[in-house]
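Please look over the sequence and the model below before reading on. The text then goes from the whole chain to one of its helices.

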Amino acid sequence: MRQLTALDAQFLNVESATTAAHVAGLAILDASDGRLSRQALAELLMERLHLAPAFTLRLVEVPLGLDRPYWAGDPEFDIDNHLFELTLPAPGGERQLAEAVAKIHARRLDRSRPLWEMHLIHGLAGGKAGVYTKVHHAAIDGVSGAETLAALLDLAPGAGPRAVACKTQPAAGPAGGDGVVRELPTAKRGAEVAKSRTARETPGLFDMLAGAAVAGVTHPARALRSIMRAAGDLDAIPLAANVPGSRLIARAARMAVGDARERPPLPGLAAPRTPFNGPISPRRHLAFGSVSWKDVKNVARANGMSGNDVVMALCTTALRSWLMERDALPDEPLIAAVPVALRSARAQERVGNQISAMVAPLPTDTADPQERLRLVGKTMNAAKRRFALAPTSWLGELCALLPAPVTGLVTPAIFRLASVACPPVNLIISNVPGPQFPLYLCGSRVLSYYPMSVLSDATGGVNITCFSYDGMLDFGVVACPERMDDVWGLLDHLRRALDELVDKPDEYREAAEVLPG
């Protein structure tokens, strides 16, 4: 039995009529050999349930919402509640696929069951198929989501159920990801593992109420500690960093808890108004596409930067171009939140989030592409130096400030108010590392994997996530159509942004052209 952390629970609390808090990915596969079917996928899932704890655990709510929920095994687990299939009408182009997946992505997950779904999508042009998977953010973060997916993937098309592509250690950088071979049980054994997990992890009513009573009594002391810890990062927290004297307050708070280390100063973090900031609707649009990872790395090497810095520069240029087309470019830099994984050696055995966030300005107000690239490198280096010196815990600490019953009630209203009054950030940009070799699902080669994430009132009506895989950088862009009217236009700007920076573009491999428009 394990209780959700304050951060995990916050991803439940943020959900509303307009916000669904799951992370997802769309895999495009070469299914021309006919081996990829719903039955084959169901058998694979049942064989490997033990490698993905989030797939068999459901929420157990504390009565009256007195405390954060617990994870427990689902005694009525049924793969039919989680695995679905659909067929696109001809011709099965990328816009049709994006429209179908956007509708699924907009729907919230059923909290009475383990918080995940998988959709097998037939009818794609060129003998391809899609597999869209979503898992609630309360159960996984971006990196652990990639690791969960890796548990279903093989290193070779004929590997069968005994060779699985799993990462045994945290990725070292944007190109991280190691493949190893592991022994797997049969489908029957996989189901038995799920049932045994149910027997030993189901919390009792008395235990939950006792835990809630203890949490209520001890909350004031824990909240005070959280305030002090969060205050030490006051100059790195959106909105709070703009308070006059925030750096002095942060320094005093750190000294009060015995932390005398100096922190590198951060630039201003005031988010300007943009068309994609404001209250969002329940609808979602998405776009997906790829650029050459080799080109990204070449630009990084030529400029003494990391691949992630170049990704941030591409997003900066694309956002600038999109806003300029609408005569809506602010005079100030946009502010982006960048999730950072805090992975431990036993990370794969846990359900939940192990993340923090860096907040950095994007020099969208700079006209010259090379100068923009230089400024992105400078601001990201400052943010990374600060994070390396003292990995910030403010995200989790802020989630723990209020008692669980209060947090659950007020979070949607606070997020809505922030979107109207003063957005803390303009958007979230995330880069998830993946393997640079091909993987296979039920014998079918994965050609591309497009990640997708969460929109909320407070974090903006557009989210850009990318995944480096097999020589390509795959982008998934999710937007609220009321806040961003042309999500495909933003994707086009991302591609052009890379063209501006490379002298000799790398030839796209055939798989990059996933589907006709």
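What follows describes the overall fold, then helix H6 and a surface patch.

The model is a predicted one. Its secondary structure amounts to 13 helices and 15 strands. The protein has 517 residues, and 57% of them count as buried. Considering contacts between residues at least 6 apart in sequence, 79% join residues at least 24 apart. About 20,900 Å² of the protein is exposed, with 57% of that area supplied by carbon and sulfur atoms.

Helix H6 covers residues 205-231, 27 residues in total. From its first C-alpha to its last, H6 reaches 36 Å, close to the 39 Å expected at 1.5 Å a residue. H6 has a kink of about 55° at His219, and the proline Pro220 comes shortly after.

Which residues of H6 are buried? They are Met208, Ala212, Ala215, His219, Ala223, Ser226, Ala230 and Ala231. His219 is thus both the site of the kink and one of the buried residues. An α-helix has 3.6 residues a turn, so residues three or four places apart point the same way. The partners of the buried residues of H6 are two strands, S3 (57-60) and S4 (70-73), and two helices, H7 (246-256) and H11 (394-399).

H6 also contains Leu205. Leu205 counts as exposed because its relative accessibility is 52%, and the cut-off for exposed is over 50%. Together with Leu64, Leu66 and Leu209, Leu205 forms a nonpolar patch on the surface. The accessible area of these four leucines together is about 420 Å².

Key:
Residues numbered from 1 in each chain as written. Predicted model: local features only at pLDDT ≥ 70, side-chain atom pairs only at ≥ 80, totals over all residues. Heavy atoms only, no water. Helix = DSSP H or I, 4+ residues; strand = E, 2+ residues; numbered from the N terminus. Expected span 1.5 Å × (residues − 1). Bend = angle between axes of the 7 residues up to and from the residue. Buried < 20%, exposed > 50% of the residue type's maximum accessible area, 1.4 Å probe, protein only. Contact = heavy atoms within 4.5 Å. Patch = residues over 30% accessible without salt bridge, like charges linked within 9 Å, V, L, I, M, F, W, Y side chains within 5 Å. Areas by Shrake-Rupley, 256 points an atom, 1.4 Å probe, with all protein chains shown as cover. Salt bridge = Lys/Arg side-chain N within 4 Å of Asp/Glu carboxyl O.
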